[in-house]
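Me: Please take a close look at one part of this model, the packing of a helix pair, and then place that part among the sheets and the ligand shell.

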Amino acid sequence: MTTLTTLITGIAELATNDPALGDGPLGIRHDAALVVDAGAVAWVGPADAAPEADRRVDLGGRAVVPGFVDSHAHLVFAGDRSAEFEARMAGTPYDGGGIAATVLATRSATDGDLRHRLAALVAELRRQGTTTVEVKSGYGLTVEDEARALRLAREVTGETTFLGAHVVPPEYAGRTGDYVDLVTGPMLAACAPYARWIDVFCEPGSAHAFDGDAARAVLEAGRAAGLGLRVHANQLSAGPGVRLAVELGAASADHCTFLTGADVEALGGGRTVATLLPGVEFATRSPYPDARRLLDAGATVALATDCNPGSCYTTSMAFCIALAVREMRLTPAEAVRAATAGGAAALRRADVGHLGVGARADLAVLDAPSYRYLAYRPGVPLVTAWPPAPEG
Ligand code: NIG
Ligand code: FE
């Protein structure tokens, strides 16, 4: 089948994320053009040497970076926790206890309501340059409600994550072992067909989440069911989550707010991506982890939103980039790379997060001359995604 090719010109600065195609770690080219064929990059080079194409799009001198890869989001939920946020800003600490309120609201929502909210959030992400998003379950916590969340998530992304082990739901209070049996048994069986990944909130000190042994049991069961592994690790304390993630070969250890030297060393020596969620530190008044220390140790760092109604309700990857530059000691180039190639690594995807030949032609187009503006102009809506509507 022949498809129409598109030549994209007017790119003042193109970040390819491919050092072979341009300068520095972002593979920067100026006055570049791209040819897109069947949704993939078919050619990258200087605009004055561009081949003919069926159509032409002129971006009018804008900067282009790869579409953001948001590798951590909880988008299937109902209810409102803005009062919890307000209390936190006044000093109440975040401990995950508010998750139960979202579980209650989500269970009583209709499929139509959840689908509508999910679609609105995905559209909001896309308007801000995110072209790949991971979506977790975790606000159902019954066999039916978790499977429903994943079925709905599957309608918007292939990157779906079973998070039945988000917290112990109220009806299992004091019976964590029984709940882990449910998660690793019937719930996993019902959810695995709709999930690519399994995740667990590993936080031994928390009254709500799971200790290292329970987390290991969940991850091993998920792996046996064919799922890839991700871990909510070291969010509230320097617990066993990060090292467990590295030991089990998880694709990603997420949060990494409280890290010991051994955690940093493990992430530096393993294949597990350190996914940092600076919006969570912002919205929970937690200390920001030091991303530079992770990069210096040899770790791959990703940035993601963690969009959820409790610990961080943003869909803006640009906001996360700005925070990571201001608070986590990343350069603007490193932060953009973490939000694109880093996210792709956290999802073990080679087809997104860069704009080399063969990559998906997912672009974040900036109403600015350079990628630096993502951190330089925080809070300003500079970004749009191209192509403008999801292609599936
Ligand atoms: O990634 N820590 C666990 N889960 C989410 C928060 C969920 C919530 O508070 O609703 C997180 O921060
Ligand atoms: Fe999360």
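Reply: The helix pair comes first, then the sheets, then the ligand.

This is a predicted model, in which local features need pLDDT of at least 70 and side-chain atom pairs count only at pLDDT 80 or more, while totals for chains, interfaces and linings use all residues. Residues are numbered from 1 along each chain as its sequence is written, with chains lettered from A and ligands numbered from 1 in the order in which they are written.

Two packed helices are described by the angle between their axes and the distance between the axes. For helix 11 (residues 317-327) and helix 12 (residues 332-346), the axes come within 9 Å and cross at roughly 140°. Helices here are DSSP runs of H or I with at least four residues, strands are runs of E with at least two, and both are numbered from the N terminus. Axes are lines fitted to C-alpha atoms, for helices over the stretch in contact, and angles run from 0 to 180 degrees between N-to-C directions. Helix 11 and helix 12 are therefore oblique to each other (under 35 degrees is roughly parallel, over 145 roughly antiparallel, 65 to 115 roughly perpendicular, and the rest oblique). The crossing of helix 11 with helix 12 is right-handed, meaning that the near helix is turned clockwise from the far one by less than a right angle.

On the helix 11 side, Met317, Cys320, Ile321, Ala324 and Val325 meet Pro332, Ala335, Val336, Ala338 and Ala339 of helix 12; contact requires C-beta atoms, placed from the backbone, within 7 Å. By class, this contact has 10 nonpolar, no polar and no charged residues. Nonpolar covers Ala, Val, Leu, Ile, Met, Phe, Trp, Tyr, Cys and Pro, charged covers Asp, Glu, Lys and Arg, and the others, Gly among them, are polar.

An open sheet of seven strands has the order 7-8-9-10-11-12-13 with parallel pairing, where pairing takes at least two DSSP bridges. Its edge strands are strand 7 (135-136) and strand 13 (301-303). Strand 13 is joined to strand 12 (residues 273-276) by three bridges, and leucine 276 stands opposite leucine 303. Helix 6 (residues 212-224) lies across strands 8, 9 and 10, at about 175° to strand 9.

Another open sheet, of six strands, runs 3-2-1-4-14-15 with mixed pairing.

Around ligand 1 there are 14 residues, of which Ile99, Phe201, Asn308, Gly310 and Ser311 come nearest; the criterion is a C-beta atom, placed from the backbone, within 6 Å. This shell divides into four nonpolar, nine polar and one charged.

Methods:
Two residues are in contact if their C-beta atoms, placed from the backbone, lie within 7 Å.
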